[in-house]
Amino acid sequence: MEILKCERIRKVYGFGNNQTTALDGIDLSVSKGEFVAIVGVSGSGKSTLLHILGSVDRPTDGKVTVDGTDLSDLNRTQAAVFRRRKVGLVYQFYNLIPTMTIEKNILLPLALDKKKPNREYFEKIVGSLAIMDKLNALPGQLSGGQQQRAAIARALIYRPALLLADEPTGNLDRKNSGEVMDMLKLLNRNLEQTVLLITHDEKAALEADRIITIEDGRIVGDERKEVKMLP
C-alpha cells in the first residue's frame, strides 16, 4: 500500500535573478511499513523535502499525497491539523515543553483535540521506548537520549501514517544515537510504522531498508537492501 507519493516536486526560493532552486523535480513513492533514509550533504534539499512532506511548507510546483490526502488541497489550518494527526515529526532538538511532565508532553497532540488516549497503545509506545519510569519527570530531568525518546513517543501518539525524523541523532552522543536508531527500527518492525529518516550520518542511514540520495535538489540514488533468504 502506497502511503506517500511525490510527483515532480519543485521548490524555488526568491524571485528573478535571486532565485534558488532547492528541489528540482522530485518523484518519490513510499509504501506502508518501509524504513527509508534520505541522505545528502548540507544544502542538498533533504530538509526542504521533509518540510514539504510534513505539510510545514508547500512546493512551488508538483503534488504530494500522504495517506490518500493531496496536501495542496489543505489550507494552513487544515495542514496543521493533518500534520498533528497523520504525520509525526521528530527533530534534532526535542521541542518538549519544559513545564509539562513527560506524559503530558507525549499526550499533547491528543489533548489539543480534546481526545482521550488509548492507554494500551500509549503503554506499548512508552514501553517500547523504555521511558515508562520517566512519565512523571520534567524534560530537564532526563538525558538527551531520553528526551528524544519522549519526542518520538509524542510523534507516534496519534498513530501517524508517516513518521518524519530530521537528524534525530544530531544532538546525541554515539551511545544515545545508537539507542535512538534501535528504537526507530523496533517501532518500524513492531508497529509497522512507516519511517522517513533525514540524515547526513552514513552509519544511521545504513540502518534503514532503503537509502535515497539527494544532490542539488534531485534524487540521484535509490537503493534497497538485499533480503537474504535462508537456505
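Here is a walk through this structure, starting from one strand and moving outwards. Keep in mind that the model is a predicted one.

Let's begin with strand β3, which covers residues 35-39. Five of its five residues are buried, so the strand is largely enclosed by the rest of the structure. You can see how that works by looking at the two faces in turn. In a regular strand, side chains alternate between the two faces of the sheet. In β3, Phe35, Ala37 and Val39 sit on one side, Val36 and Ile38 sit on the other, and all of these are buried. Both faces of the strand are covered, in other words.

Which strands does β3 pair with? One partner is β8 (residues 195-199), joined to β3 by five bridges. The other partner to look at is β9 (residues 210-215), joined to β3 by four bridges. The pairing with β8 is parallel, and the pairing with β9 is parallel too. If you want landmarks on your screen, find Phe35, which stands opposite Val195 in β8, and then Ile38, which stands opposite Ile212 in β9.

Now stay close to that region and look for charges. Side chains of opposite charge can pair when their charged atoms come close. Glu34 and Arg210 do this with a salt bridge of 3.2 Å, N to O. Glu34 lies in the loop between β2 and β3, while Arg210 belongs to strand β9, so the pair ties together parts that are 176 residues apart in sequence. Are these two residues buried or exposed? Glu34 is buried, and Arg210 is buried as well.

That pair is part of a bigger story, since a search of the whole structure finds 15 salt bridges. Another one links Arg85 and Asp113, with the closest N and O atoms 2.9 Å apart. Arg85 lies in helix α2 (residues 76-86) and Asp113 in the loop between α3 and α4, so this salt bridge ties together parts that are 28 residues apart in sequence. The two ends sit in unlike surroundings: Arg85 is partly exposed, with a relative accessible area of 34%, whereas Asp113 has a relative accessibility of 17% and counts as buried. The cut-off that matters here is 20%, because buried means a relative accessible area under that value.

For a salt bridge inside a single helix, go to α6 (residues 174-190), where both Glu179 and Lys175 lie. They are four residues apart, about one turn of the helix. Their closest N and O atoms are 2.8 Å apart. Glu179 is partly exposed at 22% relative accessible area, and Lys175 is exposed at 58%. Salt bridges can also link up into a network, as they do for Arg10, Asp24, Asp61 and Arg218.

Next, how do two helices pack against each other? Take α3 and α5 (residues 144-156), whose axes are 7 Å apart and meet at an angle of about 30 degrees. Angles under 35 degrees count as roughly parallel, and α3 and α5 are therefore roughly parallel to each other. The crossing of α3 past α5 is right-handed. To spot the contact, look for Ile102, Asn105, Ile106 and Pro109 in α3, which meet Ala150, Ala153 and Arg154 in α5.

Two single residues are worth a stop as well. Leu74 is in the loop between β5 and α2, and it is buried, with a relative accessible area of 12%. Leaving aside neighbours within four places in sequence, Leu74 is in contact with Arg58, Thr69, Ala79 and Phe82. Thr48 belongs to helix α1 (residues 46-53) and is buried too, with a relative accessible area of 15%. Not counting residues up to four places away in sequence, Thr48 touches Lys11, Tyr13, Ala22 and Leu23.

Finally, a look at the backbone. Most residues other than glycine have a negative phi. Asn95 is not a glycine, yet it has a positive phi of about 55 degrees. Asn95 lies in the loop between β6 and α3 and is exposed, with a relative accessible area of 51%. Asp216 has a positive phi of about 50 degrees, and it is not a glycine either. You will find Asp216 in the loop between β9 and β10, where it is exposed, with a relative accessible area of 61%.

Technical notes: Residues are numbered from 1 along each chain as its sequence is written. This is a predicted model: local features need pLDDT of at least 70, side-chain atom pairs count only at pLDDT 80 or more; totals for chains, interfaces and linings use all residues. Side-chain values use heavy atoms; hydrogens and water are left out. Buried means under 20% relative accessible area, exposed over 50%, partly exposed in between (1.4 Å probe, protein chains only). Two strands pair if DSSP finds at least two bridges between them. A salt bridge is a side-chain nitrogen of Lys or Arg within 4 Å of a carboxyl oxygen of Asp or Glu. Axes are lines fitted to C-alpha atoms, for helices over the stretch in contact, and angles run from 0 to 180 degrees between N-to-C directions. Angles under 35 degrees count as roughly parallel, over 145 as roughly antiparallel, 65 to 115 as roughly perpendicular and the rest as oblique. A crossing is left-handed if the near helix is turned anticlockwise from the far one by less than a right angle, and right-handed if clockwise. Contact means heavy atoms within 4.5 Å.
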